[in-house]
Amino acid sequence: MGAVGCDLTYEVAEPARLVVQVCAYRELPDMRFIVTTDDGDLPAEEVSGSWADGGRQHLLLLPPGRARVSYQATVPNGPPATPVPLTALDRIVAVRPSRYCPSDRLGGFAAARIDRSRADADVVRAVCDYVHGHTVYAAGASGPSTDAADTLLAGQGVCRDFAHLTVALCRALDIPARVVAVYAPGLTPMDFHLVAEVAVDGHWYVWDSTRLAPRQSLVRIATGRDAADVAFGTMLDGQVEMSEMIVSAVAPGILPIDDHEGLVALH
């Protein structure tokens, strides 16, 4: 058996509304989601309804003081995931430009470097190879406003930048693509991770241009157009600062070997 989880500590200077999105999308055994404040446990409202597979969002009404969000769940052994079919809505939404994936600005660049006449799977592999080969993973190299075009010019970034550039280039080539926030066993240093999910032959498959963790062990948290849709924490109002974050992810069994070439579906 494996396990995933996180502990987030916030310092709340004034009453605030905070949305957290840290629970695995699918129901996992032994799930525990607890929010505690200086005054004791705090109820959390789960808010449902978003595009694609969305995520399990919890709205927290935080009083001043310290607040801690704790999530833990067990990941059982099981068969490989079944690919999710591409829907008609996916086909429309997942090729549109978005805040961090301005694919309309990258059309000429993508067409000049990627041969679109090949099968979709080969095109996606070529995009991932390009992003992996031309982007340096560098902690702190980007900020909250960095989009895929910025990453392309800078040639460096973190996982969200790799995912955004991969998605934007695929969309620029008229291939539906979206991002997925995941728990990633094998990732070093451990953190929340962002990867791309791209449509091939009418089904969704996961791609990670950082190649920092095996895709077969990833656990889906939330799915969306870009990082704005899948952020693990979004402050709606008030004043909140995160003071500590601990993320854990352990695979059920031995970590698989991933060549990052084959088609892998995400649960």
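**A tour from R178 outward**

Start by selecting R178: the residue that bridges to it from strand 11 is E197. Before you click on, note that you are looking at a predicted model, where local features need pLDDT of at least 70 and side-chain atom pairs count only at pLDDT 80 or more, while totals for chains, interfaces and linings use all residues. Numbering runs from 1 along each chain as its sequence is written, and side-chain values use heavy atoms, with hydrogens and water left out.

**The five-stranded sheet**

Now select residues 177–183 and 193–200, which are strand 10 and strand 11, an antiparallel pair with six bridges. Strands here are DSSP runs of E with at least two residues, helices are runs of H or I with at least four, and both are numbered from the N terminus. Two strands pair if DSSP finds at least two bridges between them.

Add the rest of the open sheet: its five strands come in the order 7-12-11-10-13, with antiparallel pairing. Strand 7 (84–85) and strand 13 (219–224) are the edges; each has a single partner strand, so one side of each lacks a neighbour in the sheet.

**Helix 5**

Next, pick residues 159–172. This is helix 5, which packs on the sheet and touches strand 10 and strand 11, its direction making about 15° with that of strand 11. (Contact is heavy atoms within 4.5 Å; axes are lines fitted to C-alpha atoms, for helices over the stretch in contact, and angles run from 0 to 180 degrees between N-to-C directions.)

How many of its 14 residues are buried? The count is 12, so helix 5 is mostly covered; buried means under 20% relative accessible area, exposed over 50% and partly exposed in between, with a 1.4 Å probe and protein chains only. Among the buried ones are F162, L165 and L169. Just past the helix, check D174, where phi is positive, near 65°.

**Cysteines**

Stay on helix 5 and show C159 and C170. A disulfide here is a pair of cysteine sulfur atoms within 2.5 Å, and by that rule the count is zero. C159 is in none, as the nearest cysteine sulfur, in C101, is 13 Å away. C159 is buried at 11% relative accessible area. For C170, the closest cysteine sulfur belongs to C128, 6.2 Å off and too far for a bond; C170 is buried too, at 0%.

**The cores**

Which residues have the most contacts inside the largest nonpolar core? They are V4, Y71 and Y183, in a core of 67 residues. Strand 1 (residues 2–23) gives the most to this core, with 10 residues. A core is a set of buried Ala, Val, Leu, Ile, Met, Phe, Trp, Tyr and Cys residues joined through side-chain atoms within 4.5 Å. Centre on V4 and, beyond its neighbours within four places in sequence, you'll find contacts including L28, Y71, V75, Y183 and V219. Then jump to a second, separate core of 10 residues, with L187, V195, V206 and A213 among them.

**Strand 2**

Last stop: residues 32–37, strand 2. F33, V35 and T37 form its covered face, and R32, I34 and T36 the uncovered one. Six bridges link strand 2 antiparallel to strand 6 (residues 65–75), with I34 bridged to S70. Strand 3 (residues 40–41) also runs antiparallel to strand 2, over two bridges; there T36 stands opposite D41, and a hairpin of two residues joins the two strands.
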